[in-house]
Structure formats: structure tokens, C-alpha cells
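Let's take a friendly walk through one protein model. Have the picture ready as you read.

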Amino acid sequence: MCGSKPMDALRALPEQAFRLRARLIAVGLCAVCFAGLIGRLFWLQLCTGGWYTQRALGQQLRDTVVPADRGKIYSADGALLAANSSCWTLRASPREMPEEKLALAAKGLAEILELDEAKLLEKFNDRRSNDCLLRYRVERETADAVRDFCAENGITGVRINQDSKRWYPQGEFLASVLGFTNVDNAGVSGLELKYNDTLTGQNGVVLTAVNAWGYTLAQSYETELVPVEGCGLRLTIDANIQHYLENALNYAVQEHHVAARSVGIVMEVNTGAVLAMATTPAYDPNQPRVIADKAARAAVDALSGKERAAALQLAQQTQWRNKAVSDLYEPGSVFKLITCAAALDAGAITRHSTFYCGDSISVAGTRFHCANHKRHGSQTVTQALENSCNQSFIQIGARLGKQAFCDYFAAFGLREPTGIDLPAEPKKSLYYTADRMGPVELASCAFGQSSKISYLEMAAAVCAVVNGGKLMQPYLVSDILAPDGSILRHNQPVCKRQVIQPATSATMREMMEAVVLYGGGRNAQIAGYRVGGKSGTSQKLDSADEKARIASFVAVAPIDDPQFLCLVCLDEPHSWTTAGGSLSAPVCAEVLEQTLVYKGVPRAADTGSADAQAAALPADGDSFDGA
Ligand SMILES: [Zn+2]
């Protein structure tokens, strides 16, 4: 036995080593497995925990968004301009629909909702789906028809959720300023776009408990996050004045067969507040894609295929465009007010300076003459404005010089966007800088051709001419309102800069009154009110039609204590004349007279001179020959 011990020991040695190795391997394997498990656990718990939580919750809860109303928009006098109306969004949960009625449901719903039956059936046959959109934002009748159809045929799994969509109770009224929203209730143009963040509310949500298959549980519970309506806007626009302007423009567009729409702006000259702004014909923002203009719609409908689609798109973009803010135009003789104010303010001329208008005037070899080859003879500055005398203004421009001309042009805000709270203002207008301006360019710029500016820039600049020289920033929103109607923010008028001296402005007011009393603005006279103004008849230099004109007029009243400015532009009128003093001045007079009466500005004793019907006026001097 004793001898066996060493033998045993000897035999045991490799056995022990083997066991040790086996143990080590086992421990090692266990460690690897544990490490793997710990790693996996670590991953699940810490890295993807949120995903699993969401997934588990998603199986138990279904959230339904409760859309918030957009903030309402009111005019300064309290008229409701943009509101919300109830509508319904329809969804289906195919897995909750009875299998044997899928075909019937697809047929019936396709018919009511004007959808493709085959595609609908394909959607319903996906039995895993518990949410498929049928139609967004339908009217009550459609929602009722779906509800009745489902009830009559025992079709479950169709959800009808109340929704909210934008509604413009006044239809076409103020359309180009308000803009409109898309199917997601987001602003697409106008104030709706500019103030989209302010107007957009906070959607609410209803959480509904459902089982693992997405069915609403019998003992379901719901929690609700209440939607919050967006903030509202109170505009500077006065609904009454806006009506005066739209009515007068619509009449003028029909009467004078205006081909390229008309623009009107009424501003408070001392604050820059826009009281009315219109581009007509307008469109209905409740149905923005329908072409409102009958002739334009007929032209689109006469086409087919791709041509029709392109024409439709162009017609839509044209009708949505707010010309007052987004278009550039040659202001023509209305611009003589700017040249005159600049020359007086710079001391290049005095009100007693005189000029001579002969057959024509030659500037560096280019001949300019007055409209209809009129020879005005000796002219004071006031007479030059009354007669819209090109030759005088060419001389006034030359005395001012190109550098000063360009400096005043910029100071009047004609190179830059006005900064009005609307989208789609051109980033810059078209103008000559002093280094690119020769004597011929200075001459044509001085009487209002060769530069293109926006209608709103022109209106704001004329406000500065008459209001003591302050360039006010035009604006449309006076207050941001909380949903309960209280004021969250009030916007104050902004003065951008002093452009001319108050004394120059006073002289300009007298001269503008003379234009209306004795010159080309006689059709803007209003019985019992003092009015100042200036006409313009500009050639559309980039138009294929050589006879295309913009007939415009700007009027300010009362001119001795200026409060209201009205700019009216008829783009391509086809009437007995194209003269702004004949076609646009009466529109300004009508709008201003109604505005003055409405605002309670007292009428002086009747002067008796206002019923001068279509006075024989001096022609606007917007023509010149290059020779
Ligand atoms: Zn002349």
C-alpha cells in the first residue's frame, strides 16, 4: 500500500492539472456568459430603455391630437376678418374593422369621400394597421354621411375626429393682405405667413388606453391635454375704409377695363399705419386655388394637360400676389414730388425759381419734350408741378446734380424694403447709382422714368413729403392679442429718419394743393376739403405693348393738416384715356371723401368747385424721344 502512494500521487498529478484546467475553463465560460448578459442588460436598461418604454406605452395608449384654433384677426374697428370653423378628419383602424365588411366599407367610403376604391380596399386589407388617414378636414355634411353609412352597415373602426380650419367670414375682403393657410392650417401668404408663429396655437392631445392589439379597452381611460388657441392680431386696417377703397377700385377696374389689376393704399401720413390696402380683382382665401377672375379662369379652362396645369399655377400665383407690396413699377410723374422736394430741400432751387419749356430740350444729344409736344413756356416750380412739365424737371434735376439726387432717393427709402410686416417685399428696387448715372439717366429719372420702385415705397415717401419730412415705416398690425382678447403687445409707429426739413414739407403741401386746384389734379377735388396731389401716367418700359400705361394718382387730405394719403394705380387701363389725372384722381377723391367724413374731419363751407366733371387737364409728361 505504501508503495502505491507515490504511484497514486504520480497518477494524480495530471488528473489534478486536468481538473484545474476544466474548472478554469468553466469559470471562464461562465464569466464570458455573465459578461454578455450584463452587457446586454446594461444595453437594454440604460441605452434602449426609452425605446422599450415607448413601445410598451404605445401598446397601451393611443394619442389623438386635438388641433388648436389659430388666433383670430380683427380690423382696427373690430370686424372679424379671420376665424376658425369646425371640420372633421376621418381615420380608419383596419384591424378593428369587421373582416367580412371590408369590401363594403371600401366601396361606400370611396363613394362618399371621392377616393379610389381599390386603393382603399388595399389599405383596409392590411390587418396590422390601426391608423390610416382617410380624408383631412372635411365639412360637416361629409362627416355626417360617413357616420350614417358606418352606423347603417355595422362598420366599426372608422374614427371621426373634430378638427379646426381657417375661415375668412368676409370672403374676398382684404384677401391680398390676409393671405391664406394650407391644409395643415399653416400660413402660406400675407399676414397668415408673416405672423404664422404668433397665430399658431398649441395642439392638445387625448390619450386613450388600448390593449396590445390597439383596440380601445372597454374600461378605457382618457387623459386630455387641452389645446391652446394661438394669439390674435388687431390690424391698423379699418374695415370701413377698406370697403371704400375696394368698392372704388372694383368699379374703376370694370369701368376702365384694367388688364393688369389695380392697387390702392390708404395710409395715415403721420404714423405709417396702413388703413386700407387692396389689389383688385381679388380672390377668395376660403378657396384660394379657385381662379376668381372669370376671364382668367376661362383662359385656363380652355387649355388641357400640362399647358393647363402651368397656366393654372401662373394664374394662382398672380391672383395671390399683393401688388402693393411685391411689385415694382415706374412711378412716372408722381415721382416729380420727390425730385421737387429734394431740390427745394438741398437749396438747388427756391420756390421762386423759373424754368423754360420750349419745343424740346437736348441732354447730351438726347431730345426730351413734354407730353403731346406741349410747350409750356416760362414755368415757376409750382406751375411745373401743375403742368407736369418734363423739361422743367429735367432742369431741376440737373441743378440738383446726380449725387444729391441719388442721396435723396435713398433717404426717401426708395432703395430698400419699407419693412412693412408682410412677406414678399422685393429686397431692392431698380435704380441708378450716381456712378452709373449720366446726364440722360439723370434727366429721365428726374421726371419719374428709369427707376422702378414698389407702390408702398412711393406711398411712404409721399407721406414724408407732406408730414414734415419724417419717413415712417408702414405697418399693419397694431396689437398682438391673447386668446381672451387682452393686449399682449402694442406696436408703436416707427420713424426711420428725417428726410427733408419741415419748412420744405410745408412748401410741398402748398404746391400739391395748387396741383389739385389749378393743375393736373383737378379731378381729385373734394367739396369742403383741402386736397393736395399729383398724377402720373407712366409707360411700362418692359412691356411688349408699347401703349401699356399705369395710370396713377396720389392725394393727401386735409393738405393744410395732413392726415390721410391715398395712392391709386390702374395697371393697363383700356379706356378713353390712360391719364392718371383723369382715371385715378376721381378714385382717390371718392375714397378720401368717405374716409374724411367717416373719421369726423369737419367739412368747410362748400367751395362749389368740386363738381368739375372730368376737367380738361394738362397731360402727364412721361414721354420722351431718344434722338
Ligand atoms: Zn413742359
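How are the donor residues of the zinc ion spaced in sequence? The spacing reads C-x12-C-x5-H-x12-C.

This is a predicted model, in which local features need pLDDT of at least 70 and side-chain atom pairs count only at pLDDT 80 or more, while totals for chains, interfaces and linings use all residues. Residues are numbered from 1 along each chain as its sequence is written, and side-chain values use heavy atoms, leaving out hydrogens and water.

The protein donors of the zinc ion are C357 (SG), C370 (SG), H376 (ND1) and C389 (SG), at 2.0 to 2.4 Å from the ion. Donors here are N, O and S atoms within 2.8 Å of the metal (3.2 Å for Na, K and Ca). The angles between the four donor atoms are 107 to 112°, so the arrangement is tetrahedral (for four donors, all angles between 85 and 135 degrees).

Now for two helix pairs. Two packed helices are described by the angle between their axes and the distance between the axes. Axes are lines fitted to C-alpha atoms, for helices over the stretch in contact, and angles run from 0 to 180 degrees between N-to-C directions. Helices are DSSP runs (H or I, at least four residues).

| Helix pair | Angle | Axis distance |
|---|---|---|
| α18 (residues 455–466) and α19 (residues 502–518) | about 105° | 7 Å |
| α15 (residues 390–400) and α17 (residues 439–446) | about 120° | 8 Å |

Helices α18 and α19 are therefore roughly perpendicular (65 to 115 degrees). In the other pair, F393, I394, G397 and A398 of α15 meet L442, A443 and A446 of α17, where contact means heavy atoms within 4.5 Å.

Notes: Helices (H or I, at least four residues) and strands (E, at least two) are DSSP runs, numbered from the N terminus. Angles under 35 degrees count as roughly parallel, over 145 as roughly antiparallel, 65 to 115 as roughly perpendicular and the rest as oblique. Four donors count as tetrahedral if all angles lie between 85 and 135 degrees; four count as square planar and six as octahedral if opposite donors are over 155 degrees apart and all others between 65 and 115; anything else is irregular.
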